[in-house]
Amino acid sequence: MSTETLSLSRAMNEGLRKAMENDPKVLVMGEDVGKLGGVFRVTDGLQKDFGEARVIDTPLAESGIVGTAIGLALRGYRPVCEIQFDGFVFPAFNQITSQLAKMRMRSLGTLELPVVIRIPFGGGIGAVEHHSESPEAYFTHTGGLRVVACSNPSDAYTMIQQAIACPDPVIFFEPKRRYWDKAPVELDLSAAASFESAVVAREGTDVTLLAYGPMVKTCLEAAQADSDRSIEVVDIRSLNPLDESTVMESVRRTGRCVVVHEAPVFNGYGAELAARITEKCFYHLESPVLRVGGFSTPYPPSRLEDHYLPDLDRVLDAVDRTFEW
């Protein structure tokens, strides 16, 4: 087996490259994805190697990008759209939720919509307004969309290829502040977990931390820092559909659960997790499911984002509170 140490952004690049090599119907399209190689250089070098007909620099029009991708998918292509930043996806919201998400069910499965929409999401890079959003709950609430989030280079490499191969539309969230994190990546996909599966990133016995995307690393750091308790960390990976069996098995074993995400707590994705866990693990819980996340405000200016984003101390405080009941 071949293993290589890559940053998350480079792993994404290699995953896209592999998918394009394996299937000539795979296209990459978005603003500045070609000559520039993307804002975060995720598509660097792809246009040079595959040409302008397969790596397409689009106009600054997200609705046009997704609308065009839908048409291409209906004609047999597998388009991969890049939305430069999370806050830019909303001009395409109608195309995604009203068209892309519904066509396969409307046609009783006759039509396939293999469109992947890549969205760098979350904060932590000191960006300006509209560049640090966490819009995952909008899309997990929309039936017909698969929604996944990678958290490390290895998953970035495998999950993007699995998403491209999927016949359903996939919203693919990438944690932008983790783009430069490096880790060993296994280049053989045969042993890779399905992108529909959650994984136990760290085993423990006392409390379960549930996270995805950028917060997985924060939770792993919290688990490492707490020498008094054995903390299990579960990387959700697939937000919709949710791998309930892995999540519930962990919570039933530990009896306590804290859900962590960057998005605001109120009506965030963690609310769905907390509700399902309470319903299905009620008699195993030693305390209520707690949530740690952002506040119910617009994302703040960059100088204040450290106060907004969940950090190690806020996660550990929630862990402490689960033992007070």
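# Asking about the labels

Visitor: Where is Arg-41 in the chain?
Guide: Arg-41 sits in the loop between E2 and helix H2 (46-50). Bear in mind that this is a predicted model.

Visitor: Why is Arg-41 called partly exposed?
Guide: Its relative accessible area is 40%. Buried needs under 20% and exposed needs over 50%, so a value in between is partly exposed, and that is the label Arg-41 gets.

Visitor: What makes the phi of Arg-41 stand out?
Guide: Phi of Arg-41 is near 60°, which is positive, and the residue is not a glycine. Most residues other than glycine have a negative phi. Asn-267 is another case, with a positive phi of about 60° in a residue that is not a glycine either. Asn-267 lies in the loop between E13 and helix H10 (269-280).

Visitor: And why does Asn-267 count as exposed?
Guide: Asn-267 has a relative accessible area of 60%. Exposed means over 50%, so the label fits Asn-267.

Visitor: How do you know whether the peptide bond from Asn-240 to Pro-241 is cis or trans?
Guide: Look at omega: it is near 5°, and the bond is cis. Most peptide bonds are trans. Pro-241 belongs to the loop between strand E12 (238-240) and helix H9 (244-254).

Visitor: What makes Phe-282 and Tyr-283 an edge-to-face pair?
Guide: The structure holds 14 aromatic pairs. In the pair of Phe-282 and Tyr-283, the ring centres are 5.2 Å apart and the planes stand at 90°. Centres must lie within 6.5 Å, and planes over 60 degrees apart count as edge-to-face, so Phe-282 and Tyr-283 pass on both counts. Tyr-283 itself is exposed, at 79% relative accessible area.

Visitor: How do you know that Phe-295 and Tyr-308 form an aromatic pair?
Guide: Use those cut-offs again: Phe-295 and Tyr-308 come to 6.0 Å centre to centre, with 75° between the planes, which gives an edge-to-face pair. The pair links distant parts of the chain, 13 residues apart: Phe-295 is in the loop between strand E14 (290-294) and helix H11 (305-308), and Tyr-308 is in helix H11. Phe-295 is partly exposed at 42%, whereas Tyr-308 is buried at 6%.

Visitor: Which residue in the loop between E14 and H11 is Pro-298 paired with by C-alpha separation?
Guide: Glu-133, which is 165 residues away along the chain, with 8.8 Å between the two C-alpha atoms. Pro-298 lies in the loop between E14 and H11, and with a relative accessible area of 70%, Pro-298 is exposed.

Visitor: What makes Lys-25 a charge over the ring of Tyr-77?
Guide: Lys-25 lies over the face of Tyr-77, 4.4 Å from the ring centre, and the limit is within 6 Å. Arg-229 does likewise: its charged end sits over the ring of Phe-323, at 4.3 Å from the centre.

Visitor: How do you know that the span of helix H7 agrees with what is expected?
Guide: H7 (residues 153-165) has 13 residues, which should span 18 Å at 1.5 Å a residue; the end C-alpha atoms are 19 Å apart, which agrees. H7 is also mostly covered, with 11 of its 13 residues buried. At the N-terminal end, Asn-152 caps H7: a side-chain oxygen lies 3.2 Å from the backbone nitrogen of Ser-154.

Visitor: Which residues of H3 are buried?
Guide: Glu-62, Ile-65, Val-66, Ala-69, Ile-70 and Ala-73. They cover an arc of only 135° around the axis, which puts them on the same side of H3. Residues three or four places apart in an α-helix point the same way, because there are 3.6 residues a turn. The buried residues of H3 pack against several elements, including strand E2 (26-30) and helix H4 (93-100).

Visitor: Why does His-261 count as buried?
Guide: His-261 has 2% relative accessibility, and buried means under 20%, so His-261 qualifies. Its side chain reaches the backbone oxygen of Ala-263 at 2.9 Å. Beyond its neighbours within four places in sequence, His-261 is in contact with residues including Tyr-212, Met-215, Val-292 and Pro-310.

Technical notes: Residues numbered from 1 in each chain as written. Predicted model: local features only at pLDDT ≥ 70, side-chain atom pairs only at ≥ 80, totals over all residues. Heavy atoms only, no water. Phe/Tyr/Trp six-rings, centres within 6.5 Å; stacked < 30°, edge-to-face > 60°. Buried < 20%, exposed > 50% of the residue type's maximum accessible area, 1.4 Å probe, protein only. Helix = DSSP H or I, 4+ residues; strand = E, 2+ residues; numbered from the N terminus. Lys NZ or Arg CZ within 6 Å of the ring centre and 35° of its normal. Expected span 1.5 Å × (residues − 1). Polar contact = N/O pair within 3.5 Å; in protein donor to acceptor, adjacent residues only side chain to side chain. Arc of directions from axis to C-beta. Contact = heavy atoms within 4.5 Å.
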